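Open the model in your viewer and keep the selection panel at hand. The stops below go one at a time.

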Amino acid sequence: MNGGVPFLPPSASNFAGEFNILFAGLLAITSAVLGLVVLLMFRFCAHYRRNNKTADRGHQTRKSWRWEVGWTTGSFVVFLGLYAWGADIYLREHHPPAKAEDIYVVGKRWMWKVEHQGGQREINTLHVALNQPVRLVMTSQDVIHGFFVPAFRLKQDVVPGRYVTLWFDPDQLGTYQLFCSQFCGTAHAEMGGNVTVMAPGDFAKWLAANASDATLSGDGAALFHRIGCDGCHGAGSTVPAPSLAGIYGQPVALRDGGSALADDDFIRGAILEPAQHAAAGFAPVMPSFAGQLDEEQVVSLVAYIKSLGSVPR
Amino acid sequence: MSEHVLEKQFVDLAHQSETAELGIWGFIATEVLFLGGLFAAYGFFRYLHPVGVAAAASHTDLAIGTVNTIVLLTSSFFMSWSSLAARDGESRPAGVLMLITAALGIVFLGLKAIEYAEDIHEHLWPGPGFSLSTPDPKSGEVFYFLYWLLTGIHALHLLVGIGAILVIANRARRGVFTRAYHSPVRVVSLYWHFVDVVWIFLFVLIYLPGRAP
Amino acid sequence: MSATTILELPPCRGDSYLTDGSTLTSWLLTHDHKRIAILYCLTITGFFLIGGAAAALIRLNLLTPQGLLLDAETYNRTFTLHGVVMVWLFLVPSIPTTFGNFLLPLMLGAKDLAFPRINLLSWYLFTASGLIVLAGLITGSVDTGWTFYEPLSSGYSSGALVVVLFGIFVNGFSSILTGLNFVVSIHRLRAPGLTWYRLPIFCWSTYATSVILMLATPILAVTLLLVAAEHLWGVGVFDPTHGGDPLLFQHMFWFYSHPAVYIMILPGMGVVSEIIPTFARKKIFGYHFIAWSSVAIAVVGFVVWGHHMFVSGESIYAALVFSFLSFVVAVPSAIKVFNWLATLHKGSISFEAPMLYALGFILLFTIGGLTGLFLATLAFDEHATATYFVVAHFHYIMVGGMVSAYFAALHFWWPKVTGRLYPESWARFAAILIFFGFNLTFFPQFILGYLGMPRRYATYPPEFQVWNVFSSAGASILAAAYILPLLYLGWSLVRGERAPSNPWGATGLEWQTPSPPPTDNFARTPRVTRPPYDYPEPTV
């Protein structure tokens with residue numbers, strides 16, 4: 001592993017630095033409180049021990065409520081401060097920038113499958129470029145897993161049945177530990193790997209060296225045709241079906257009222273559970289592809305549909 | 001001849017009776033949480049799949065459901081009457097009224113059994129043999145799973161209630177209850193009314209969705 | 001220092017609840033809350049030893065990065081057994097069913113609980129549940145962790161899971177009935193003059209605990225029922241391949257399990273609130289605040305469950321709300337700690353074993369609680385959740401806190417329950433050894449978690465080994481330290497000095513009866529006229 005300050009994991013994401021300061025702050029405040037408690041306890045136990053007859057025990061405090069309100073308010077104010085501090089970083093951790101590149105991750109017992117848009121596939125490793133924000137779009141093939149990179153100070157449970165996202169901006173070169181953080185069965189402890197942050201030039205070389213025949217969306221296009229999606233959604237189809245061009249990122253009016261944003265999760269849902277995602281103005285006749293496609297195939301379809309035009313997130 | 005025993009931790013019979021009633025209210029509170037959890041799961045699921053649930057619910061037997069509701073409400077009427085009688089010291093009439101209550105409860109269970117047999121015949125038992133001709137049979141299967149679970153748990157509670165009523169009715173018919181001592185009737189009565197109220201919620205949530213024209 | 005006026009103290013005729021019937025049936029069919037407390041104590045001790053053996057296996061295995069003893073599946077089954085047994089068969093019942101059962105009627109001035117036969121039923125349900133759970137865990141392969149997350153549990157687990165779930169379901173009824181019994185007893189069986197604000201704080205915390213037992217446990221029952229049904233019939237409530245939602249499981253599970261952790265600490269706080277005034281010979285500081293803080297913890301504890309799900313995929317709005325409320329719930333605990341310290345101020349303090357345990361509780365609980373603040377902080381939790389940081393946090397509270405409080409109670413009320421005095425020097429030695437062994441075991445785990453070692457790992461990267469070795473070394477000391485009380489307390493039953501009715505000079509109605517008490521507790525119902533903790537003001 002990369003070196004660094006002892007007692008600190010390496011700090012390799014844009015959030016790690018802020019996190020380290022937050023941690024220091026929490027440590028300082030809680031150590032102060034603990035120190036106070038220890039000090040008072042030892043002081044009182046020593047000074048007011050029974051066989052110390054010289055201690056002044058007179059003038060016992062009668063009105064306790066001043067103290068009560070005091071330390072209650074004090075605690076609450078400090079807590080509010082910590083809350084706001086943590087919440088602020090957290091909110092930024094959940095708002096990826098528009099220029100973040102999507103990389104798809106499918107977790108399954110007991111490995112991580114990573115798919116870059118250019119068609120590069122990796123297992124248990126993730127290569128990213130320095131200072132290029134990345135948004136991971138993740139799902140699980142089976143049970144809940146957890147994508148955890150201590151060096152980035154980030155983790156996200158990877159849930160079957162939906163997409164979750166995690167974004168980061170890697171700001172230090174190196175190779176960092178990846179762990180599965182949500183218990184997933186027998187080989188849970190073995191389901192680890194590495195995240196490698198490369199200089200942009202090296203990353204470009206890596207992409208070229210690992211390219212496959214088609215990009216992710218290219219694979220998706222082929223699949224789109226092979227399983228007959230273009231029978232209804234293609235040009236010249238006689239079956240009324242919503243056009244998919246430019247649909248990614250747009251709001252969609254739903255058949256049973258209401259609307260939803262056509263993000264990655266919505267598109268996945270529309271493929272696997274079309275009855276629940278039926279668009280307004282169309283009969284709900286789309287068949288479900290649940291059980292016929294694995295999550296990696298769905299990922300390629302989603303990538304293809306995204307490539308048909310989108311609005312920024 | 002009185003069979004009641006004043007337990008040593010109580011000051012007098014009134015103290016013991018009030019405590020028993022507080023006890024049954026507390027127990028009912030825990031049951032509300034238990035069933036509340038199930039209703040919450042149902043509500044969550046129905047919120048996500050309103051069309052599928054409504055379609056599936058329209059396959060329930062509204063006729064039996066309605067008759068059963070009337071049967072249970074009537075049984076609660078007799079149970080209340082019995083409780084009043086016991087309060088006035090009329091132990092034997094209270095016993096008879098409780099027997100009527102229990103009989104109506106048995107009618108309910110009988111109709112439920114017929115309904116269950118019907119449901120199985122129509123392949124509405126969740127699992128490999130399940131079949132439902134609605135646009136969203138997956139949601140329908142989960143609805144029916146909750147149907148069997150909710151009505152089954154209700155029926156179990158009803159059965160326990162019938163058993164308890166029979167035991168208390170038996171004591172009542174032997175003249176055990178007086179103005180001073182009749183809390184077992186009160187306790188069983190509160191439990192019975194609770195089971196009835198739960199049924200009303202079930203009726204609305206299980207039998208009525210999807211029926212509006 | 002009598003806080004009450006009772007009409008007469010019955011002479012010690014040698015006829016206590018212990019000798020009032022000596023056949024096995026007189027114990028197994030008893031209605032006496034004190035005997036039921038003893039029955040509980042025996043069964044939970046047995047379960048504690050089993051859960052502790054599992055802990056020993058875990059720490060042994062983690063001495064080396066490749067896992068010293070166990071293959072991965074066995075390790076996973078072991079930590080599952082450890083969690084299930086310790087939570088439901090030890091911590092949840094611990095102080096309430098032993099000391100709650102024994103002391104509550106005494107503290108209320110009553111002859112028994114409101115519903116003695118239901119109390120006995122609770123014990124039978126509890127014991128049966130324990131046997132069912134163990135049967136499932138030991139004979140089958142249940143390796144889901146005590147949290148049974150979906151769809152791992154319903155879709156990927158063996159049939160023994162249903163046996164374990166059923167056992168916990170039965171266990172839940174035991175909890176519910178005990179909670180009901182306590183709540184009704186506190187409302188209706190208080191002696192004349194014993195108003196709410198004259199109750200010992202132990203009664204307030206028992207009341208708060210009992211409310212949680214009653215209202216949270218049913219949700220657990222429903223949740224586990226649904227998991228079992230899903231496993232048996234494959235219907236999609238939680239399993240997404242059948243149309244269910246895995247997060248619904250987490251919401252339902254934690255809606256119970258977070259309040260459950262307050263079940264696992266409030267009684268300990270109540271015990272500490274009895275011991276500090278006794279050994280500082282001073283009334284407790286801020287009685288009303290301590291009393292109501294227990295209620296506040298119980299109430300607010302119901303609305304923080306989502307802090308177990310910050311990275312699970314719950315919405316950011318939910319996370320923001322739950323984080324805020326988690327900070328709010330920390331405030332009443334802080335209030336307690338400050339009030340305990342203020343009680344020491346200008347007191348007259350002695351350091352018998354109960355006091356050492358109580359002081360240890362305050363320090364260890366404070367550390368555990370403060371690290372809870374770390375975890376409530378959203379951005380920190382993203383890194384530290386599901387790591388050993390969390391493991392250390394909850395062990396500081398449950399073991400450093402609750403188990404210390406259990407031992408504190410054991411020593412404090414031992415003379416009352418058994419009529420014997422324990423050997424003080426051995427007890428003090430054990431208390432200090434436990435404190436050091438505990439810290440050596442669990443403090444390194446904060447470091448491990450922060451460095452990124454995830455929990456529930458049978459094997460780990462080599463750079464984590466040094467801290468694991470420290471932790472396991474501490475565990476061996478802790479294990480020895482826990483065995484010690486078993487030995488000298490057992491010895492005291494036979495050879496200990498006979499105890500007077502009030503060896504500590506404490507206030508409280510339980511000290512106004514002989515040690516051990518007669519079956520009916522009091523010859524005549526006491527009448528209370530003084531406030532609680534009515535110690536004369538310490539003077540120079």
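Start by colouring chain A by pLDDT: helix α5 (residues 230-233) has the lowest mean among the elements of the chain, at 88, and strand β6 (residues 145-149) the highest, at 97. This is a predicted model, and chain A averages a pLDDT of 90, with 96% of the residues scoring at least 70.

Next, select residues 1-5 of chain A, where pLDDT stays under 50. For this stretch the model has seven contacts beyond four places in sequence.

Now select helix α7 of chain A, residues 295-307. Its end C-alpha atoms are 18 Å apart; this agrees with the expected span, because 13 residues at 1.5 Å a residue should cover 18 Å.

Is this helix mostly covered or mostly exposed? α7(A) is mostly covered, with ten of its 13 residues buried. To show them, pick A:Glu295, then the run A:Val298, A:Val299, A:Ser300, A:Leu301, A:Val302, A:Ala303, A:Tyr304, A:Ile305 and A:Lys306.

Keep those residues on display and add their packing partners in chain A. The buried residues of α7(A) pack against three strands, β1 (101-108), β2 (111-115) and β5 (134-140), and against two helices, α4 (216-226) and α6 (264-272).

Step just past the end of α7(A) to A:Gly309, which takes a positive phi of about 110 degrees.

Last, bring chain B into view. Four residues from chain A and five residues from chain B make up the contact. On the side of chain A that touches chain B, two residues are nonpolar, one is polar and one is charged.

How values were computed. Residues numbered from 1 in each chain as written. Chains lettered and ligands numbered in written order. Predicted model: local features only at pLDDT ≥ 70, side-chain atom pairs only at ≥ 80, totals over all residues. Nonpolar A, V, L, I, M, F, W, Y, C, P; charged D, E, K, R; others polar. Helix = DSSP H or I, 4+ residues; strand = E, 2+ residues; numbered from the N terminus. Expected span 1.5 Å × (residues − 1). Buried ≥ 20, exposed ≤ 12 C-beta atoms within 10 Å, placed from the backbone. pLDDT = per-residue confidence, 0-100.
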